[in-house]
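Reader: Please show me the model, and then let us go through its helices and its sheet in turn.

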Amino acid sequence: MDTTIYIVRHGQTEWNIEGRLQGRLDSPLTDAGVEQAKQLAQRLQNISFDSIYSSSSNRAFSTALHLKKDRAIEVNKSDHLMEMDFATWEGRKWSEIQDLFPEELLLMNEHPERFEAKETKGETFHDMQKRLASFIDQILKQHAGQNILLVSHSITIKVLINYLRGGNLKYLWDGPDIHWASLYEVGFTEDKTKIFFEGEEILPLQY
C-alpha cells in the first residue's frame, strides 16, 4: 500500500522576525505567519488527510490548526516533532550566538556530523536523527496506505528529510531552504521513497 506523508514548517513567528533562536522555546505566529498557513491550507484543501501530527510547540500546533480547517480529525501533538533542543542558546539572537560561541556555531554549520552540543548543552544531530527515525517508522506502520500531515520546524525537517535520503549527516544542509509554511511531500511504496519539495523531486543522496 502506498503511504504519503506531507511535511510542513510552521508559519513565521515573532522571534523569527527578531532573529532569535527558538528551539524548544516558543513565540506566536505573526500576522504574516497566519496568512502563510491559511494560504497553504487552500493549496491542501482537496487532500483527504487521515491523520495530522504536530510538534508540541504552539507555533507548529497553531499552524496545524489552520491547515486542518474543518476536517473532522484531531491534531495530535508529538514531542518527537519538536525543534532541536538548543538549551542554553535558546532565546538569544543569532548575532549574540555568533559573538559568544563562534567555534561551535561554525562546527554546526560546516560539520553537522561532528557537532557535539558541548556549549549548547542540548541535542546533537545524531540525537535528533534517532528520535525522528523511530517516529517515522512508527507512523509508517500505524498509517500504512494513508495520507498523513506532519507540522514541524526547519531543522527538524532538515534532519528528517536527510534521514529519508540516506542519513549521512555530513550532507544535512544540502537541498532547498525550508521557508515558512513550505511543503515536502514524501511517497512510500514497498521498494521506493520519493521526496518532493514544492513539486520538485529531491533525489536520494549519492555517497
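Reader: Against which helices do the buried residues of α5 pack?

Author: This is a predicted model, in which local features need pLDDT of at least 70 and side-chain atom pairs count only at pLDDT 80 or more, while totals for chains, interfaces and linings use all residues. Residues are numbered from 1 along each chain as its sequence is written, and side-chain values use heavy atoms, with hydrogens and water left out. In α5 (residues 102-110), Glu-104, Leu-105 and Met-108 are buried, that is, under 20% relative accessible area with a 1.4 Å probe and protein chains only, exposed being over 50%. The buried residues of α5 pack against α4 (94-100) and α6.

Reader: Why are these buried residues on the same side of α5, and which residues are exposed on the other side?

Author: The buried residues cover an arc of only 100° around the axis, taken from the directions from the helix axis to the C-beta atoms, which puts them on the same side of α5. Exposed on the other side of α5 are Glu-103, Leu-106 and Glu-110.

Reader: What are the edge strands of the open sheet?

Author: Seven strands, with mixed pairing, form the sheet in the order β3-β2-β4-β1-β5-β6-β7, where two strands pair if DSSP finds at least two bridges between them; strands are DSSP runs of E with at least two residues, and helices are runs of H or I with at least four, numbered from the N terminus. Pairing on one side only marks the edge strands, β3 (75-78) and β7 (200-202).

Reader: Which residue in β6 stands opposite Tyr-184?

Author: Strands β5 (residues 183-188) and β6 (residues 193-197) run antiparallel and are joined by five bridges. Opposite Tyr-184, in β6, stands Phe-197.

Note on methods. Contact means heavy atoms within 4.5 Å.
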